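Visitor: I'd like a close look at the salt bridges in this model, and then whatever strand pairing you think is worth a visit. Could you walk me through it?

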Amino acid sequence: MGVTLMNHHPLKLSALALALCLGLRSASGSPGDLYVAEASGHIYNYTPAGAKSTFASGFSQPVALAFDRVGNLFVGNSGSCVCVPEDPCQCPPATILKITPDGTQTTFATLQSSGLLGMAFDGAGNLFVSTGDSIQKITANGTQSTFASQLDGVWPLAFDKSGYLYAGIGSVGPSSILKFAPDGSSSNFITYSGTPSSITALAFGPGGELFVRRGSSIVKVSPSGQSTTFTSGNFKCLAFDSVGNLFVGKNAFNESDPGILKFTPDGTSTVFASGVLLPTAFAFEPVTEKLRNISARGFVAGDDNSLISGFIIGGNALSNNAVIVRALGPSLSGDGVKNPLPDPVLELHDSTGAIVASNNDWQDTQKAQITASGIAPTDPRESAIFATLPAGNYTAVVLSGNNASGTAVVEVYSVNQ
């Protein structure tokens, strides 16, 4: 762990800036490997060099894969069941199987659904599962609840850096992507008109852009909702590796077809793996990170006189590092601090200077997640941000909400490690 001074942010540094590097610890022997579910019921493992091996077999319609933050692989095992009006039947429930890094397999959850189409973990370790008409939430101890219902053809799921859940809706009419806040409220992120095309894969790039597999195209959507076509072809699955390369599955029917393509951040395409492959889901094995909690104290005034704390997350580009950033002011008076900042405003910036998230009064946004962490600010005028971040350089900036001056503290905590 190292601490260095940083002064790269465009705002003026009025007090102190700290940089902290996260300690890196592998969740298993093969962090960064790509896991591929295949229509035949196999799950394959690909090393970064493209070497292929069979990780597990015997699944039925494994359309969904997801890793938790400690390297356990979860597989949506939908089961095989066909019922017709002339021969009614009761389909058995679908199961979610958990496979530890050493290969031990157990049943994590059973759902009364005929299909599990998408899975994604939030920063608190809850697993979200789409079943076609609903999204189910399963806590780490297996408790199930309905997060959203009455959805028409909900399929892939993906979380952004700020903990918002995105869900692809592949209805009979125009397809769309819904954005869910942690409290379950939803808004329409984007709607695609024209010929109906199902949305079957979502993946966030390290820059915050959402990549969408829609019909025969992969679409790139900016955080503001601007959509452009990234590439077209007979593609299936999407996933980003540790350095921001996009991996795309393709239905390959013979040894000469590319089974998996790799797109570098500049859009250059190469063949990562060839051979017969009918991919249904991708997931990269994560690297478990540990954050040593940090804090900085300084004087904040109006305009550009801010308090800045920089921190560095090492490891890979997967958004699997849950942090809470706090900006304290009013509560400092209880610790004997004279002239505390009355209304701290908090911004979290990435390495480009773009704002990842901002907050003024922590109870206004993400209240449930911040409260559940056990480190919520004690004064409602103080600020806090929950975010699940990939590797990179970040800057927490504390500003004055009313141009008043005073002493503030900025803190960064690792949560749910």
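How many salt bridges does a search of the whole structure find?

Guide: Two salt bridges turn up when the whole structure is searched, counting any Lys or Arg side-chain nitrogen within 4 Å of a carboxyl oxygen of Asp or Glu. A quick word on the ground rules: residues are numbered from 1 along each chain as its sequence is written, and side-chain values use heavy atoms, with hydrogens and water left out. This is a predicted model, so local features need pLDDT of at least 70, side-chain atom pairs count only at pLDDT 80 or more, and totals for chains, interfaces and linings use all residues.

Let's start with Arg326 and Glu411, whose side chains meet in a salt bridge at 2.5 Å, N to O. This pair ties together distant parts of the chain: Arg326 sits in strand S31 (residues 321–328) and Glu411 in strand S36 (residues 406–414), 85 residues apart. Strands here are DSSP runs of E, at least two residues each, numbered from the N terminus. How open are the two partners? Arg326 counts as buried because its relative accessibility is 11%, and Glu411 is buried as well, with a relative accessible area of 12%. The cut-offs behind those words are under 20% relative accessible area for buried, over 50% for exposed, and partly exposed in between, with a 1.4 Å probe and protein chains only.

Now for the pair of Arg381 and Asp379, which form a salt bridge with 3.0 Å between the closest N and O atoms. Arg381 counts as partly exposed because its relative accessibility comes out at 42%. Asp379, on the other hand, has a relative accessible area of 14%, so it is buried.

From there, hop over to strand S11 (118–121). Both faces of S11 are covered: Gly118 and Ala120 are buried on one side, Met119 and Phe121 on the other. S11 pairs with strand S12 (residues 127–130) in the antiparallel sense, over four bridges; for two strands to count as paired, DSSP has to find at least two bridges between them. One of the matches across that pairing is Phe121 with Leu127, its bridge partner in S12. S11 and S12 make a hairpin with five residues between the strands. Zoom in on Gly125 in that hairpin and you'll find a positive phi near 90 degrees.

Last stop, the open sheet. Four strands make it up, in the order S7-S8-S9-S10, and the pairing is antiparallel. At the edges are strand S7 (64–67) and strand S10 (105–111), each of which pairs on one side only. Between S8 and S9, the antiparallel pairing is made by five bridges, with S8 covering residues 73–77 and S9 covering residues 94–99. If you want a spot to click on there, try Phe74: opposite this residue stands Lys98 in S9.

So, back to your request: in the bridge of Arg326 with Glu411, the arginine is buried at 11% and the glutamate at 12%. In the other bridge, Arg381 is partly exposed while Asp379 is buried.
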